[in-house]
Amino acid sequence: MQAELSVSVGNAGTWLDEHIRHLESHDVLPVARAANDATYETDFGRIHLKAQNSELQVRIDSPDEAALTTLQGSIIDYLKETDPAVAERVSWTGVAPAPGQPKNFREMTVQTVRPLSDWLLRMTLKGDDLAPFDQRGLHVRLMFPETPGERPVVWPRIEPSGAVHYPDADDTLTVRVYTIRDIRPEIGEVDIDIVRHAGGIFSDWSETAQPGNKIGMLGPGGGYFPPEGWLAIGGDDTAVPAIRRIIESRTDTAGGHVVIGLHPHQAPFEIDLPANFAIDWVRTSDLVDAMQAIAPPSADTGFFWFAGEAEQARALRTYFKSELELPAERRSSGAYWRRTGSISKS
Ligand SMILES: Cc1cc2nc3c(=O)[nH]c(=O)nc-3n(C[C@H](O)[C@H](O)[C@H](O)COP(=O)(O)OP(=O)(O)OC[C@H]3O[C@@H](n4cnc5c(N)ncnc54)[C@H](O)[C@@H]3O)c2cc1C
């Protein structure tokens with residue numbers, strides 16, 4: 001499936017250079033780069049960007065409509081960051097964004113909520129057509145009305161530009177990013193593990209959520225399984241679902257090292273480890289040091305993965321890149337939450 005777009009962005013060459021730098025800061029590198037164009041390969045398809053004077057030309061090749069919707073939305077989000085009015089000038093050719101609910105959106109129903117420990121809840125959601133959520137990316141955006149009421153919930157819709165439009169005013173949604181801890185498309189179920197922290201809007205909502213409550217799920221987007229081979233993987237409480245899903249998916253015996261940071265009031269629990277993995281439970285405040293103490297079997301093997309609080313993620317991204325000198329394909333460090341405010345992009 002193909003979609004194309006041509007839009008005036010002022011100096012398109014400068015826009016492209018800045019965009020490439022921005023993606024590089026998130027360890028996303030083009031597979032091909034020339035003076036005025038760049039190509040990216042993603043789990044959702046290929047994006048080709050070309051700058052011609054003031055025109056930015058975009059071509060997307062995706063395997064299906066849900067993947068195309070994801071890439072069209074991400075391109076428009078980037079364009080809107082530099083020019084919020086750009087969406088009005090955008091017109092796609094080929095497969096244009098389909099109006100209505102995004103193809104990668106599902107209305108889900110809360111089936112059960114149960115504590116896995118005193119600091120982690122498991123929410124099982126039920127919905128239709130979940131196979132695409134098992135294929136690309138680990139993360140989803142979950143949402144519910146900020147002010148629940150009797151009237152029907154208004155879910156996000158796709159704008160003609162491809163941007164996802166979230167309702168506002170009385171229909172505003174609380175949107176947070178979570179990890180698909182487990183998924184069983186054959187019976188239409190998804191598990192989400194939620195860290196309980198007082199004062200968190202989503203965390204508090206999940207404490208009182210009842211079977212039958214509706215919740216929107218958009219995605220998947222972002223986050224991927226590191227390649228096989230030796231793996232150093234660490235994070236705080238919010239990364240536990242992703243760490244468990246990633247290590248459970250290992251099929252080789254190269255092994256690795258898991259580091260999990262917990263707060264003093266949080267007790268560790270049993271985690272099944274794949275062959276040749278060791279685990280350290282440390283204080284969250286000691287996570288960066290603990291990750292830095294891990295030595296790979298040799299300098300040219302192994303993947304380093306981390307997720308947690310934004311400052312720790314930034315420190316480790318720099319460490320992986322500048323101290324260990326790991327190429328982008330051997331490292332990942334993601335911010336899952338900030339001390340002030342939330343991270344709404346998946
Ligand atoms: C890609 C990705 C995947 C994620 N996966 C998961 C997951 O599977 N499970 C999970 O529990 N979280 C996960 N998170 C983190 C989660 O989105 C944030 O913790 C989010 O802020 C929680 O929303 P809230 O409404 O409960 O708190 P908010 O209302 O967003 O935050 C309220 C206050 O609490 C602080 N805060 C936020 N999270 C925490 C925390 N964990 N501990 C202490 N203080 C906090 C904030 O700084 C803010 O001051 C993920 C985040 C990303 C980006």
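Trainee: With which residue does R59 form a salt bridge, and how far apart are the closest N and O atoms?

Mentor: This is a predicted model, and the general idea is to look for a side-chain nitrogen of Lys or Arg within 4 Å of a carboxyl oxygen of Asp or Glu. Here the partner of R59 is D61, and the closest N and O atoms of the pair are 3.3 Å apart. R59 has a relative accessible area of 31% and is partly exposed. D61 is partly exposed as well, at 22%.

Trainee: How many salt bridges does this rule count?

Mentor: The count comes to 18 salt bridges. One of them joins the side chains of R33 and D17, with 2.7 Å from N to O.

Trainee: Which parts of the chain does that pair link?

Mentor: One reads this from the elements that hold the two partners. R33 belongs to strand β2 (residues 32-34), whereas D17 belongs to helix α1 (residues 12-25); the two residues are 16 residues apart, and the pair links distant parts of the chain. As for accessibility, R33 is partly exposed with a relative accessible area of 39%, and D17 is also partly exposed, at 31%.

Trainee: Turning to D182 and R184, is each partner buried or exposed, or does it fall in between?

Mentor: The boundary for buried is under 20% relative accessible area. R184, at 19%, therefore counts as buried. D182 is partly exposed, with a relative accessible area of 31%. The two residues form a salt bridge whose closest N and O atoms are 3.2 Å apart.

Trainee: Which residues do salt bridges with shared partners join into one network?

Mentor: To read a network, one follows each partner to its further partners. In this structure the network consists of R122, K126, R181, D182, R184, E189, D191, D193 and E248.

Trainee: Into which domains is the chain divided?

Mentor: The division gives domain 1 (2-94), domain 2 (105-221) and domain 3 (231-342). Between the centres of domain 1 and domain 2, taken over C-alpha atoms, the separation is 28 Å. Their contact involves 13 residues from domain 1 and 10 residues from domain 2.

Trainee: How much area do domain 1 and domain 2 bury between them?

Mentor: An interface is read from its buried area together with the character of that area. Domain 1 and domain 2 bury about 850 Å², and carbon and sulfur atoms account for 54% of this.

Trainee: What is the count of salt bridges between domain 1 and domain 2, and how many residue pairs are in polar contact there?

Mentor: One salt bridge is counted between domain 1 and domain 2. Across the same interface, three residue pairs are in polar contact, with both residues at pLDDT 80 or more. On the side of domain 1 that touches domain 2, the residues comprise seven nonpolar, three polar and three charged. As a further salt-bridge case, D64 pairs with R136, and their closest N and O atoms are 2.7 Å apart.

Trainee: Where is S117 placed, and is it buried or exposed?

Mentor: For a single residue, one takes its element, its accessibility and its neighbours in turn. S117 lies in strand β7 (residues 105-117). Its relative accessibility is 15%, and S117 counts as buried.

Trainee: Which residues does S117 touch, and what lies 3.1 Å from a polar atom of its side chain?

Mentor: Leaving aside residues up to four places away in sequence, S117 touches R196 and F269. The backbone nitrogen of W119 is 3.1 Å from a polar atom of the S117 side chain.

Technical notes
Residues are numbered from 1 along each chain as its sequence is written. This is a predicted model: local features need pLDDT of at least 70, side-chain atom pairs count only at pLDDT 80 or more; totals for chains, interfaces and linings use all residues. Side-chain values use heavy atoms; hydrogens and water are left out. Domain bounds come from an automatic or database domain assignment. Contact means heavy atoms within 4.5 Å. Buried area is the accessible area (1.4 Å probe) that two parts lose on being put together, summed over both. A polar contact is a pair of N or O atoms within 3.5 Å; within protein, one must be able to donate a hydrogen and the other to accept it, and residues adjacent in sequence count only if both atoms are side-chain atoms. Ala, Val, Leu, Ile, Met, Phe, Trp, Tyr, Cys and Pro count as nonpolar, Asp, Glu, Lys and Arg as charged, and the others, Gly among them, as polar. Helices (H or I, at least four residues) and strands (E, at least two) are DSSP runs, numbered from the N terminus. Buried means under 20% relative accessible area, exposed over 50%, partly exposed in between (1.4 Å probe, protein chains only).
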